[in-house]
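Colleague: Please take a close look at a single part of this model. Start from one side-chain pairing, then work outwards to what surrounds it.

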Amino acid sequence: MDKKSNNPFQWLNLTVSEPYYLFHFLVFFSYFVVRISASPYISHRLLYREIQAILTLALFATVKIVKDETWEAFIADMLFCAKILLVVISLIMDYHLAVWYIVVCSAIYILTEQPAFEGLGTSSKLTPLQLETLLTEGNTSRFWLVEFRASCSSACIKASRCFPELSIVYSNKNLSFGVVDLGLFPNAAEKFGISLSGGMRQLPTYILFESAVEVTRFPEWNFEAKYLHPPVTKRLLSKHFELDRLLVEYLHGK
């Protein structure tokens, strides 16, 4: 997982300003309010289950931390696991409470959206026309690595930190990074052979161009939606597009 953490004050500000985090905080905080009203008998049973839930959540967090994931993916998975445990525990007090939490969590899922990482690194936001112009001009970078994403895709949100941070490490005069928002330019999806259907699991798509010709992409053309491709990480993209090799070739003047 990406070990870079945000400033605590920035995180607090993000929690207060973003409905996605604020509503989740209120839901989890409400449990402690309800917990106080529980009878001594139920409190005893709850304590045992709460310890189990905390240990389960800690184990889940440890597994997720070991993986090379972004903070956005880690937070989304942890909140999902915590909501499941919250519903399970609330069943001990009253099944009506569990149903209420299910309804509230469903409403949060429908009405709010996890914010994507806003940094661009050294990559550029491009329109399809700008991308076409850059690819065909002879005085631009030989290689262009382009991320095609949509803000409505949870997979794009989870992977939103990878591309900017890769651009900071590997961007040079020979390799440039660009981002095309398919939510704003859906016609570009057809042009580059990208399905916007969530079932096809093709968002985000990364394409490496060399002198206006596509070299390779991720997910690849032969990818079948019924098979899950691994989560997008910096390590995966770097290996798939051989970014270390491209950087070495640039440094050696090839």
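Modeller: Start with R161, whose side chain makes a polar contact with the side chain of E72 at 3.0 Å. A polar contact is a pair of N or O atoms within 3.5 Å; within protein, one must be able to donate a hydrogen and the other to accept it, and residues adjacent in sequence count only if both atoms are side-chain atoms. This is a predicted model, in which local features need pLDDT of at least 70 and side-chain atom pairs count only at pLDDT 80 or more, while totals for chains, interfaces and linings use all residues. Residues are numbered from 1 along each chain as its sequence is written, and side-chain values use heavy atoms, with hydrogens and water left out.

R161 sits in the loop between α7 and α8. Helices (H or I, at least four residues) and strands (E, at least two) are DSSP runs, numbered from the N terminus. R161 is buried, at 3% relative accessible area. Buried means under 20% relative accessible area, exposed over 50%, and partly exposed in between, with a 1.4 Å probe and protein chains only.

S160 lies in that loop too, between α7 (154-158) and α8 (162-170). S160 is buried as well, with a relative accessible area of 2%. Its side chain reaches the backbone nitrogen of F117 at 2.8 Å. Beyond its neighbours within four places in sequence, S160 is in contact (heavy atoms within 4.5 Å) with E72, A116 and F117. E72 thus turns up twice: as a contact of S160 and as the polar partner of R161.

Next, α4 (71-93), which is part of what covers the buried residues of α5, along with α2 (19-36). Those residues of α5 are L97, A98, Y101, V104, C105 and I108. They lie on the same side of the helix, because their arc around the axis is only 125 degrees. The arc is that of the directions from the helix axis to the C-beta atoms. An α-helix has 3.6 residues a turn, so residues three or four places apart point the same way. Y95, W100, I110 and L111 are exposed on the other side of α5. At the start of α5, a side-chain oxygen of D94 comes within 2.9 Å of the backbone nitrogen of H96. The length of α5 agrees with expectation: its 17 residues (95-111) should span 24 Å at 1.5 Å a residue, and the end C-alpha atoms are 24 Å apart. The expected span is 1.5 Å times one less than the number of residues.

Now α6 (residues 128-136). Its buried residues are P128, L131 and L135. They fall within an arc of 60 degrees, so they line one face of the helix. They pack against β2, β3 (175-181), α9 (187-191) and β4 (205-210). L129 and T136 are exposed on the face turned away.

Last, the whole protein. It has 11 helices and five strands. Of its 254 residues, 43% count as buried. The average pLDDT (the predictor's confidence in each residue, from 0 to 100) is 85, and 87% of the residues score at least 70. Among the elements, β2 (143-149) has the highest mean, 95, and α1 (8-17) the lowest, 60. Over residues 1-6 the pLDDT is below 50, although this stretch has 21 contacts in the model beyond near neighbours in sequence. Where pLDDT is low, the predicted coordinates should not be read in detail.
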